[in-house]
Amino acid sequence: MRIAVVGGGASGMMAAYAAAKNGAEVVLFERNEKLGKKLFISGKGRCNLTNDSSSDVHMSNVLTNPRFLYSAYEALSPDSLKKLVISAGTPLKTERGARVFPVSDKSSDVIRAFKNMLSEENVSVRLSERVLSIVKPRGSFSIQTEKQTYSFDKVIVCTGGFTYQATGSTGDGYSFASSFGHTVTPLYPSLVGLKADVPTELAGLSLKNVTLTASEGKKIIFSEFGEMLFTHSGVSGPLVLSLSGYINKKEINAISVCIDLKPALSLDEVNARLIREFSAAPNKTVRNVSTNLMPKSLVSFVLSKANISLEAPCHSVTREQRSAFASVLKKLPIALLGFEDFNGAIVTSGGVKTSEINPKDMQSKLVSGLYFAGELLDVDALTGGFNLQIAFSTGYLAGASAATAC
């Protein structure tokens with residue numbers, strides 16, 4: 001059984017390993033000069049390769065088509081992935097949020113583990129060799145690369161999505177899928193920063209212990225406690241990245257977003273706090289007293305939303321103004337303008353339509369012997385190691401199935 005794996009990222013390396021482990025002769029094609037180029041920069045260079053939690057927890061963090069992944073997770077669970085990487089020589093550790101990283105904090109160690117696994121299974125790795133086309137004129141597949149033409153019994157496409165295009169994710173896999181009649185659902189950047197109408201002087205300001213809430217009409221579609229930050233073009237950080245996954249397929253103008261700067265206090269308690277602050281320093285300006293309530297750089301933005309002058313003495317603030325101030329502290333509105341582009345996104349939402357793929361083996365329902373895995377599929381999840389686990393699990397299932405199926 002000769003199997004080609006197209007793409008040497010997380011899903012591709014795992015697919016090649018699983019196929020070879022199950023007895024196939026495997027050739028792995030990678031357009032870059034080295035394997036795992038996107039994996040190298042994942043987790044800010046530390047590689048958050050999975051989440052140390054149950055498969056049920058993983059599924060609850062999958063935003064698109066979670067049911068499609070059940071068989072893949074049975075084939076390679078988070079615990080199985082950890083044991084595999086550890087056995088390949090890379091010790092792992094679990095941090096806050098059950099996020100799993102190499103003990104060394106170096107993604108290169110995870111990539112080295114996979115290189116060792118591929119070498120042990122005699123996978124032929126063809127670096128700097130981009131696949132230009134895949135066709136199936138008769139019973140076998142013909143792959144044309146920049147260097148020559150090859151023949152294979154089966155092909156596993158693992159070319160990734162559209163994110164971080166400098167690493168080679170330029171959408172080749174979508175073209176391959178389309179050429180075989182597969183549907184590619186609309187593509188959106190996910191886990192990405194949001195453009196917003198905020199003052200540029202807020203850029204770099206990090207907010208901790210706040211609640212970010214998004215609504216569509218009267219319906220709350222997202223509300224979580226945590227951290228976020230302001231950028232030169234809008235907002236980002238953990239809360240915002242998660243929010244983007246929930247709204248990237250929606251009309252941005254229909255989404256209302258606000259920040260609760262005092263989530264531990266009720267509106268009445270915030271109002272009482274303002275009374276105390278203003279009473280303790282009646283002749284100070286609101287600007288000066290407000291630094292007791294929030295970061296200094298945020299004061300001007302918040303007071304403008306409350307329609308209170310920065311230089312107004314505290315004793316001059318009316319009950320209505322104080323009430324407006326308290327309301328803004330609990331619901332600071334952020335006007336969204338759009339999404340950052342794919343190169344700033346962690347993952348691509350959308351892809352090869354899952355109803356056209358057999359979830360039990362990742363094989364195309366349209367073309368026998370053609371398999372898909374990883375970010376190329378219309379499956380995506382929140383941050384925390386879930387997207388890489390999807391890549392590894394679908395890659396493993398595709399590789400093992402391709403090698404063992406007649």
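Reader: Which residue in β6 does Lys93 stand opposite?

Author: This is a predicted model. In it, β5 and β6 pair in the antiparallel sense over four bridges. Across that pairing, the residue in β6 that stands opposite Lys93 is Phe101.

Reader: In what order do the strands of the open sheet with β3, β6 and β5 run, and which stand at the edges?

Author: Three strands form this open sheet, and their pairing is antiparallel. The order is β3-β6-β5. β3 (50-51) and β5 each have a single partner strand, so one side of each is left without a neighbour in the sheet. The edge strands are therefore β3 and β5.

Reader: Ala98 lies in the loop between β5 and β6. Is Ala98 buried, partly exposed or exposed?

Author: The loop joins β5 (92-95) and β6 (99-102) in sequence. Ala98 has a positive phi of about 65°, although it is not a glycine. Buried would need a relative accessibility under 20%. Ala98 has 22%, so it counts as partly exposed.

Reader: Leu191 also has a positive phi. Is Leu191 buried or exposed?

Author: Leu191 is not a glycine either, and its phi is about 55°. Its place is the loop between β12 (188-190) and β13 (194-196). The relative accessibility of Leu191 is 1%, so it counts as buried.

Reader: What is the strand order in the open sheet of seven strands?

Author: The pairing in this sheet is antiparallel. Its edge strands are β18 (332-334) and β19 (336-339), each of which pairs on one side only. From one strand to the next, the twist averages 40°. Read across, the order is β18-β17-β14-β15-β16-β13-β19.

Reader: Which residue in β17 is the bridge partner of Glu216?

Author: Strand β14 (residues 206-216) and strand β17 (residues 255-260) run antiparallel. Six bridges join them. For Glu216, the bridge partner in β17 is Ile255.

Reader: At what angle to β17 does helix α12 run?

Author: Helix α12 covers residues 319-330. The helix lies across two strands, β17 and β18. Its angle to β17 is about 105°.

Reader: Are α1 and α13 roughly parallel or roughly antiparallel?

Author: Two packed helices are described by the angle between their axes and the distance between the axes. Helix α1 (residues 10-21) and helix α13 (residues 386-404) have axes 7 Å apart, at an angle of about 30°. Angles under 35 degrees count as roughly parallel. α1 and α13 are therefore roughly parallel.

Reader: How many nonpolar, polar and charged residues are in the contact of α1 with α13?

Author: α1 passes α13 in a right-handed crossing. From α1, the residues include Met14 and Tyr17; from α13, they include Leu388, Phe392 and Tyr396. By class, the contact has twelve nonpolar, three polar and no charged residues.

Reader: How far apart in space are Tyr371 and Ala403?

Author: Ala403 is one of the α13 residues that meet α1. Tyr371 sits in strand β23 (residues 370-372). The two are 32 residues apart in sequence. Their C-alpha to C-alpha distance is 11 Å.

Reader: Is Tyr371 buried or exposed?

Author: Leaving aside residues up to four places away in sequence, Tyr371 touches several others, among them Lys154, Ile156, Asp361, Met362, Ala398 and Ala405. Its relative accessibility is 0%. Tyr371 therefore counts as buried.

Reader: Which side chains of strand β10 point to one face and are buried?

Author: The side chains alternate along β10 (residues 149-152). Thr149 and Ser151 point to one face and are not buried. The buried side chains, on the other face, are Tyr150 and Phe152.

Reader: Which residue in β10 does Ser142 stand opposite?

Author: β9 and β10 form a hairpin with three residues between them. Strand β9 (residues 141-145) runs antiparallel to β10, and four bridges join the two. Opposite Ser142 in β10 stands Ser151.

Reader: How many of the five residues of strand β2 are buried?

Author: Strand β2 spans residues 25-29. It is largely enclosed by the rest of the structure, because its buried residues number four of the five.

Reader: Which residue in β2 is the bridge partner of Val6?

Author: Strands of a sheet pair through backbone hydrogen bonds, either parallel or antiparallel. Strand β1 (residues 2-6) and β2 run parallel, joined by five bridges. The partner of Val6 in β2 is Phe29.

Definitions and conventions. Residues numbered from 1 in each chain as written. Predicted model: local features only at pLDDT ≥ 70, side-chain atom pairs only at ≥ 80, totals over all residues. Heavy atoms only, no water. Buried < 20%, exposed > 50% of the residue type's maximum accessible area, 1.4 Å probe, protein only. Axes fitted to C-alpha atoms, helices over the stretch in contact; angles between N-to-C directions. Parallel < 35°, antiparallel > 145°, perpendicular 65-115°, else oblique. Left-handed = near helix turned anticlockwise from the far one by under 90°. Contact = heavy atoms within 4.5 Å. Nonpolar A, V, L, I, M, F, W, Y, C, P; charged D, E, K, R; others polar. Pairing = 2+ DSSP bridges.
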